[in-house]
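Reader: I'm happy at the bench but new to reading models. Could you walk me through this one, feature by feature?

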Amino acid sequence: MVSVFSGEVTRTWRFPDSEGKGHEVVLYHHPLTGARAAMVDHKELHKSLGTSSIFHSAETRLPFEAGSMKGEIIILRDSMTTFAYRCLVDNKDVPEATAIASRPAYDRSARETRPGPQLQVFSVRVVEYCTSMCHVDNKPITWYAVDASARLANGQTASTRVHRRFRDFVEFDETL
């Protein structure tokens, strides 16, 4: 469970499809504001941009397709102050990548089969920015459009554009 006071959270799920190709699903959610977006195989999931807050329904489902498989990201409001997240692919629960990565070093099962595209990031750049005013305290908020490109193991290029606030860069820097 995640508290509404946690700030933005990211959940990642990796799984192979029936042909053995790896896929990755990522959810970005801010429990307090409800802002959310999702990506499937490094591409923005159509209609995932929106809100799922404590003031909305108790469950939000974001359907997606990955290869030949159908899935959905589920955002569950457990209470007025907590959220939980699930990913179903062909009606089966997919464990979060962080749960797999956090297994002890002696548990090799998490490391021998790591589905999902392997990436080599080669370009990250800010392509534009804009400033808006916060509706609460009337302070400026700077938003950046960031283009990122990566080369997949199969030689293809995956690209995406994300929008981030200056605060997101500060919080990221503090985690390093």
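Reader: What percentage of the contacts in the chain with a separation of 6 or more is between residues 24 or more positions apart?

Author: Glad to help, and please keep in mind that this is a predicted model. Contacts can be sorted by how far apart the partners sit along the sequence. Here, 38% of the contacts with a separation of 6 or more join residues that are 24 or more positions apart.

Reader: How many helices and strands are there in the chain?

Author: The chain has three helices and 13 strands. It holds 176 residues, and 37% of them are buried. Its accessible surface is about 11,200 Å², with carbon and sulfur atoms accounting for 54% of that area.

Reader: Could we take a single residue as practice? Is Val 26 buried or exposed?

Author: The idea is to compare its relative accessibility with a cut-off: buried means under 20%. Val 26 has 9% relative accessibility, so this residue counts as buried. Val 26 belongs to strand E3.

Reader: Which residues is Val 26 in contact with, leaving aside neighbours within four places in sequence?

Author: Its partners are Thr 10, Arg 11 and Thr 12, together with Ala 37, Ala 38 and Met 39. Take Ala 38: this residue is 12 residues from Val 26 along the chain, yet their C-alpha atoms are separated by 5.5 Å.

Reader: On to pockets. How does one find empty space?

Author: Rolling a probe the size of a water molecule over the atoms reveals where empty space remains. In this model, the second largest pocket holds about 690 Å³ of space.

Reader: Which residues lie nearest the centre of the second largest pocket?

Author: They are Glu 8, Ala 35, Trp 143, His 163 and Arg 164, out of 27 lining residues. Strands E3 (22–29), E4 (35–40) and E13 (157–165) and helix H3 (166–175) each give two or more residues to this lining. E13 gives the most, with six residues. By character, the lining divides into 11 nonpolar, eight polar and eight charged residues.

Reader: I always look for cysteines. How many disulfides are there?

Author: The test is whether two cysteine sulfur atoms lie within 2.5 Å of each other. By that rule, the count is zero. As for exposure, Cys 87 is buried, because its relative accessible area is 0%. Cys 130, at 45% relative accessibility, counts as partly exposed.

Key. Residues numbered from 1 in each chain as written. Predicted model: local features only at pLDDT ≥ 70, side-chain atom pairs only at ≥ 80, totals over all residues. Heavy atoms only, no water. Buried < 20%, exposed > 50% of the residue type's maximum accessible area, 1.4 Å probe, protein only. 1 Å grid on protein atoms, 1.4 Å probe; cavity = no way out; pocket = protein on both sides within 12 Å on 5 of 7 lines; lining within 4 Å. Points joined across faces, edges and corners; volume = space filled by probe spheres on them. Helix = DSSP H or I, 4+ residues; strand = E, 2+ residues; numbered from the N terminus. Nonpolar A, V, L, I, M, F, W, Y, C, P; charged D, E, K, R; others polar. Contact = heavy atoms within 4.5 Å. Areas by Shrake-Rupley, 256 points an atom, 1.4 Å probe, with all protein chains shown as cover.
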